[in-house]
Amino acid sequence: MKVTISLCVFASLLVTFTDAAALTGKWPPLDQPPPPVKDWTALVDLTKVPNAPLVKAADVGVKCPDKNTFCNWSCNGCTKPDSDVILCPTKGDWGITFDDGPTEYTTGLLDFLDNTGDKVTFFVVGSRVYENPEILQRAAKAGHQIGIHTWSHPYLTSQSNEQIIAEFKWTEAAIKQAVGLTPKYVRPPYGDYDDRVRGIATQLGYKVVIWDRNTNDWMSEDDKSYQLTWIEGNFTEWVKEPATTGHISLEHDLYKQTAERALIALPIVTKAGFSIKPISVCLGENPYVEDVSLNTTTTTAPAPAPTAAPAYPSSIPYVVGESTAAIPSASSTPATTSAANTLNSANLWSFVSFIVGSVMFI
């Protein structure tokens, strides 16, 4: 009997301690702005960073100056070709991108991509990398591109220079430890950036990647009026549009329903004759500081494209540059809700297991 009781306590302790992060060393709290690091801040000459004003998170894309002095994308879609990537330059190329992972739902997406041979780009949140390094390892090993999407998913124009640097570099460090690669591409959460954010990213050696086709799939988590069929409906219409360039589209692997919908959307792109490529491949550039080339073999996905899926309502624009595009509130930050709640639930269960086991021992 004593042996059995001791094993119960041991098991509860094991559950508690296996919740520890796989990344070694000390890391910032999950989903909170990480602390600045002097050595990282010193990498940027702050005297050369444009003096764009800080914007309150609630005002991003809402309260905009009459004159766009600091090329603020959230206000009017302003971009600069020397530092920003909006689309794949070659007609027929399509950069499929997923934000806010890696999560448990990324694995099903990776299974699908293993079968089709398509290679995509994942812009990952540092806090999710900390939680799921093994999923990121699988994505990188499969030849998908990994990019930076900050540590805590804030509106970057609302952060100080030092905080912006920390958001980028903590995430870079987590990716580096998890997969041994140092990304050269970043995506600002919500596409919120201006000359100040752009200047910092450029000095750190990053290119900023946005998109020209947006599914707005993140809305499906809280907006009951959002219909998931709009996702494939939009892709069905997008592939028909005349174009002289390729595209970059935005989806999310944070939620189950959005990750699963990609399994329907991607075949629409390949069946229309487009080549799905990581962003760096469609640009003809190296995705990492390290000398790593990506395997970009693409095969036709087997699933047929739906024909009757409705397109996204015109009242909610999805094309980059639409100043009326809906911007999520700070309280509904995708990367700071679901996964964090999952972690908290797991920690709570571990604690309860420990207490129950201890009581049984007593």
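Student: Is glycine 284 buried or exposed?
Tutor: Happy to start there, keeping in mind that this is a predicted model. Glycine 284 sits in the loop between α11 (279-283) and α12 (338-361). Anything over 50% relative accessible area is classed as exposed. Glycine 284 has 69% relative accessibility, so it counts as exposed.

Student: How many Å apart in space are glycine 284 and cysteine 88?
Tutor: In sequence, glycine 284 and cysteine 88 are 196 residues apart. Taken C-alpha to C-alpha in space, their separation is 9.9 Å.

Student: Now the helices: are α6 and α7 roughly parallel or roughly perpendicular to each other?
Tutor: Let's look at the geometry. Helix α6 (residues 133-141) packs against helix α7 (residues 161-179) with axes 9 Å apart and an angle of about 70 degrees. Angles of 65 to 115 degrees fall in one class, and α6 and α7 are therefore roughly perpendicular.

Student: Which residues in α7 are met by α6?
Tutor: By class, this contact has six nonpolar residues, one polar and no charged ones. From α6 come Pro133, Leu136, Gln137 and Ala140. Their partners in α7 are Ile175, Ala178 and Val179.

Student: Which helix gives the largest share of the largest nonpolar core?
Tutor: That core has 72 residues, and those touching the most other members are Ile96, Phe122, Ile146, Phe168, Phe235 and Leu266. The largest share of the core is eight residues, and they come from α7.

Student: Which residues is phenylalanine 168 in contact with, leaving aside neighbours within four places in sequence?
Tutor: Phe168 is one of the core residues that touch the most other members. With those sequence neighbours set aside, the contacts of phenylalanine 168 are Ile148, Thr150, Leu156, Val186, Val197, Ala201, Leu204 and Tyr206.

Technical notes: Residues are numbered from 1 along each chain as its sequence is written. This is a predicted model: local features need pLDDT of at least 70, side-chain atom pairs count only at pLDDT 80 or more; totals for chains, interfaces and linings use all residues. Side-chain values use heavy atoms; hydrogens and water are left out. Axes are lines fitted to C-alpha atoms, for helices over the stretch in contact, and angles run from 0 to 180 degrees between N-to-C directions. Helices (H or I, at least four residues) and strands (E, at least two) are DSSP runs, numbered from the N terminus. Angles under 35 degrees count as roughly parallel, over 145 as roughly antiparallel, 65 to 115 as roughly perpendicular and the rest as oblique. Contact means heavy atoms within 4.5 Å. Ala, Val, Leu, Ile, Met, Phe, Trp, Tyr, Cys and Pro count as nonpolar, Asp, Glu, Lys and Arg as charged, and the others, Gly among them, as polar. A nonpolar core is a set of buried Ala, Val, Leu, Ile, Met, Phe, Trp, Tyr and Cys residues joined through side-chain atoms within 4.5 Å. Buried means under 20% relative accessible area, exposed over 50%, partly exposed in between (1.4 Å probe, protein chains only).
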